[in-house]
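Trainee: I should like to work through this structure with you, one feature at a time. May we begin with the sheet and then turn to the other parts?

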Amino acid sequence: MKYRHIKKWILLAAIILSGIVSHFSGGINSYYLQIIIFIGINITLAVGLNLINGYTGQFSLGHAGFMAIGAYVAAYLSTEHSAGLFRALGGPNFFSITLLFISVLIAGGLAAAAAGLIVGVPSLRLKGDYLAIVTLGFGEIIRVVIQNTDAVGGPRGYSGIANYTTLFWTYSVAAITIYVVVSLIDSTYGRGFLTVRDDEVASEAVGISTTRYKVTAFVLGAFFAGVAGGLYAHSTTYINPSGFDFQRSIEIVVMVILGGMGSTAGVAFAAILLTLLLEYLRFVSGYQWLPEIIRRIAANRVIIYSLVLIALMLLRPQGLFGRLPRRGIPIGGATKRAKLPALSA
Amino acid sequence: MTSTEFFQQLINGLSLGAFYALIALGYTMVYGVLRFINFAHGDVFMIGAFCGYYLSPRLLPHFTGGLTPLGPVAVLILTMLICALLGVTIEKLAYRPLRQRPKLTVLITAIGVSLFLEYGGQFVFGADPKSFPELMPDRAIAGTGALTITTTQLAAFIVTICLLVALTFIVKRTRLGMAMRALSNNPTAAALMGVNIDVVISFTFAQLSIDRSAYGSSPRDQGIRCGCSRRHRKHSGRRRWRNYSRRCGDICRWLGFFNLSRRDRILAFNRDFAFPSSRNFRTCA
Amino acid sequence: MPSPLLDLRQCTIRFGGLTAVSAFDLQIGADELIGLIGPNGAGKTTIFNVVTGVYRPTSGTIIFENKPIAGLRPNTIARRGVARTFQNIRLFPTLTVFDNVRAGFNLRLRHGLAHALWRMGTFYREENEVARQVDELLEIFDLGKFRDALCGSLSYGDQRRLEIVRALATRPKLLLLDEPAAGMNPREKEISDRRPTGRARHESSHGNLSARNRTGLWNQNRGGNPGASAGESEGHRSISGRRNEESVRSTCFGFS
């Protein structure tokens, strides 16, 4: 009972901490800062996808599509429609920028969530690899549509986005995502996601609406991907459609699988690990003392990805941190077994 | 659009469609039998194209004089063998250990294999487009009036039809085909295990690009994997059965597809096959 | 007799050319215990699947508490108060015993997404209440010691019992047990013999489980005549005392 609100306190602490670190981040080398921000964005993406792929047992291969929607909507709104807001609030000051950024992030998230709703509907009828193909196709559709939308630059990409993303925003969003997923799964309501993954027929038989859970998972996962997209756009200040292709989706899927489907901590850790590893490979490809072939392989990150995927599936399909047999996490005060009058046999 | 134009496009479409049909055929064979999407199919196809690319300048000079027409055939056969070997290797290393795992595991592995081949190919062959050597004189066939039908188009179409007929025959009429169909009728992934017949046939055939200066080597290959398996049995003697069926699988692999006269061995294999529907058994028995 | 809890009228299910169940009538009243027996392939499980909404009857009506339920989704029917077990056990393999039973409480949760995230007083009160009731149910069925174990590690008989507990957790008005004694060894059957006592005790707070037992001798063959419906065969052959024998293939409990 004492620790009932511990999750909320941890969330608050994480947000405050990221604010403090962000405040003193001026001294950090901007390249490192960028990587740290990418790590936060990847955590958000991977943990969000884990809700769909890991906990609900659906298989989405189009997460980059949701991210693209969020990125473009947020970037478009903050670039084209910020003038009015700034005029009303007396120019681009701290307050107006904060308000603008929050609202464009949420708008991007909502747009992606709407797309998630649309993708969630076929997931009601399709399973496994069929669903994977549908989501893959969906991700490609989004990319192609953006490529052919002149208002956001089409294939040239969209540039001139303000650099609003800071360490604070990135890690607050990541913390909120983790909080949402963890506290959702750790509730009687949220255990419904797991039952849908385990056995749909049995879930229906005990009155759990598989439809609702699947769509909810897609909508929530897409929302966080959209917000992450908004952060990404405002961090790189330039986005183009080919940055949200199949390979990007695979990257996120690898994080989820590496971390272990259905383990939030593992997935978040895998996101950190993989982002760092891939950045490190850039250095490796520059080390002159290494043999040419190793440098070339290091430069081609997808080879590494694919090998990681295959090796992982063969050797440890539950991921690095996944526990295949899941222990139940008792909730709040439920850890104590209820005292019952002794039963006579 | 004039009628000539229409028919011209129809012919172009048919010949291109014939290629796609062959690729799709391989895809659907794997999916139909093993019930999983072989993402790496297109990449095996790519490897086949590059095999043709690298083999033909080395092989063709050896075929001179009266042997000249055999050159391309040799290239094709060698390419087929290489792709078949690749298919078996992929199956052995990546897919077979996962036979009893959930479908998604296999799917993810397939994506991994596909990416590996694709980017490994880029790594080995380079990312720049290459123009494919001419295997067969590519010229318009005379006597078609205003329409242009090239020999390549015709060859592609004929080969596709032949292969389609052959495959239909194999699937519908042979014991192996029966086993494959029985397997696909029983899709529970858990039931698939251990033994499979890794008959990988890669039909590779090259098409010359219409405009030789244009990039795009377009040899077409097709990898077909026919996995054949049996239901998982829980009673005793499982190991014995597994060895036996694996041996049968090997026999099928090496003899079954190419030498249909060795049917008795395959028959022995099939007898213990769990048939989900007796109707199917009767129609093909 | 007052209007029955469940009323199947002329239920027919065809799969393609095969008539699995033909013009089946069944009335189950409150406080009734009905056994459904028949040879393999008679359609017992099909009837269960129709009542719980897995299949839609080709023709005929299904009335539950005076409302038609044919064609509703299984989870809606479960919400109305029909719970079931499966012939081949269907638990949630990656969840613990506790969580399996907790899943049964999902349909009467007052909290939802927002509460699970906001986590205020009501949420914790409800979670504690759910946990208390789950523990109580587990104790009644002697599964308390497996509380935090994965359900896959339980013995076959325990898994069957757990499935019944999960079904009871939905607080059903009608409980359908599909082959509850199938595959159990005599010892396990003996244990499950104690089950009704425990359950009756548990249910006593909600209503009495009376001993008005009926067993339908159901000889209907595929596509054959409707045969004797359960309702008509009351007293035809009373085997209520041997409820857990294998001759009783499926059991329906009607609670009031």
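Mentor: Certainly; please bear in mind that this is a predicted model. In chain C, four strands form an open sheet with antiparallel pairing, in the order S2-S1-S4-S5.

Trainee: Which strands of chain C stand at the edges of this sheet?

Mentor: A strand at an edge has a single partner strand, so one side of it is left without a neighbour in the sheet. In the order S2-S1-S4-S5 of chain C, the strands at the edges are S2 (18-28) and S5 (67-68).

Trainee: How many bridges pair S1(C) with S2(C)?

Mentor: S1(C) covers residues 6-15 and pairs with S2(C) in the antiparallel sense. Within this pairing, Cys11(C) stands opposite Phe24(C). The two strands form a hairpin with two residues between them, where Gly16(C) takes a positive phi near 60 degrees. The number of bridges between S1(C) and S2(C) is seven.

Trainee: Which residue of S5(C) is the bridge partner of Ile63(C)?

Mentor: Strand S4 of chain C, residues 59-64, runs antiparallel to S5(C), and two bridges join them. In S5(C), the partner of Ile63(C) is Pro68(C).

Trainee: What is the phi of Thr237(A), and is this residue buried or partly exposed?

Mentor: Most residues other than glycine have a negative phi. Thr237(A) is not a glycine, yet its phi is positive. The residue lies in the loop between helix H10 (210-236) and strand S2 (238-239) of chain A. Having 16 other C-beta atoms within 10 Å, Thr237(A) is partly exposed, and its phi is about 60 degrees.

Trainee: Where in chain C does Asp142(C) lie?

Mentor: Asp142(C) also has a positive phi, of about 65 degrees, although it is not a glycine. Asp142(C) counts as partly exposed, because 16 C-beta neighbours are found inside 10 Å. Its place is the loop between helix H5 (121-140) and helix H6 (156-169) of chain C.

Trainee: How many residues of H10(A) are buried?

Mentor: H10(A) has 27 residues, which at 1.5 Å a residue should span 39 Å, and this agrees with its end C-alpha atoms, 39 Å apart. The helix is mostly covered, and the buried residues number 23.

Trainee: How many residues does H10(A) give to the largest nonpolar core?

Mentor: In soluble globular proteins, nonpolar side chains tend to be buried together. The largest nonpolar core here has 187 residues, and among the members that touch the most others are Ala46(A), Tyr72(A) and Val165(C). The largest share of this core comes from H10(A), with 14 residues.

Trainee: Which domains of chain C does this core lie between?

Mentor: Two domains of chain C both give residues to this core, so the core lies between them. They are domain 1 (1-81 + 172-256) and domain 2 (90-170).

Trainee: Which helix gives the most to the side of chain A that touches chain B?

Mentor: The contact takes 20 residues from chain A and 20 residues from chain B. On the side of chain A, H6 (128-147), H11 (246-259), H13 (292-299) and H14 (301-315) each supply at least two residues. By class, this side has 15 nonpolar, three polar and two charged residues. With nine residues, the helix that gives the most is H14(A).

Trainee: Is Ala127(B) buried or exposed?

Mentor: Ala127(B) is found in the loop between helix H4 (103-125) and helix H5 (151-173) of chain B. Because it has 9 other C-beta atoms within 10 Å, Ala127(B) is exposed.

Conventions
Residues are numbered from 1 along each chain as its sequence is written. Chains are lettered from A and ligands numbered from 1 in the order in which they are written. This is a predicted model: local features need pLDDT of at least 70, side-chain atom pairs count only at pLDDT 80 or more; totals for chains, interfaces and linings use all residues. Two residues are in contact if their C-beta atoms, placed from the backbone, lie within 7 Å. Ala, Val, Leu, Ile, Met, Phe, Trp, Tyr, Cys and Pro count as nonpolar, Asp, Glu, Lys and Arg as charged, and the others, Gly among them, as polar. A residue is buried if 20 or more other C-beta atoms lie within 10 Å of its own, exposed if 12 or fewer, and partly exposed in between; C-beta atoms are placed from the backbone. The expected span of a helix is 1.5 Å times one less than its number of residues. Two strands pair if DSSP finds at least two bridges between them. A nonpolar core is a set of buried Ala, Val, Leu, Ile, Met, Phe, Trp, Tyr and Cys residues joined through C-beta atoms within 7 Å. Domain bounds come from an automatic or database domain assignment.
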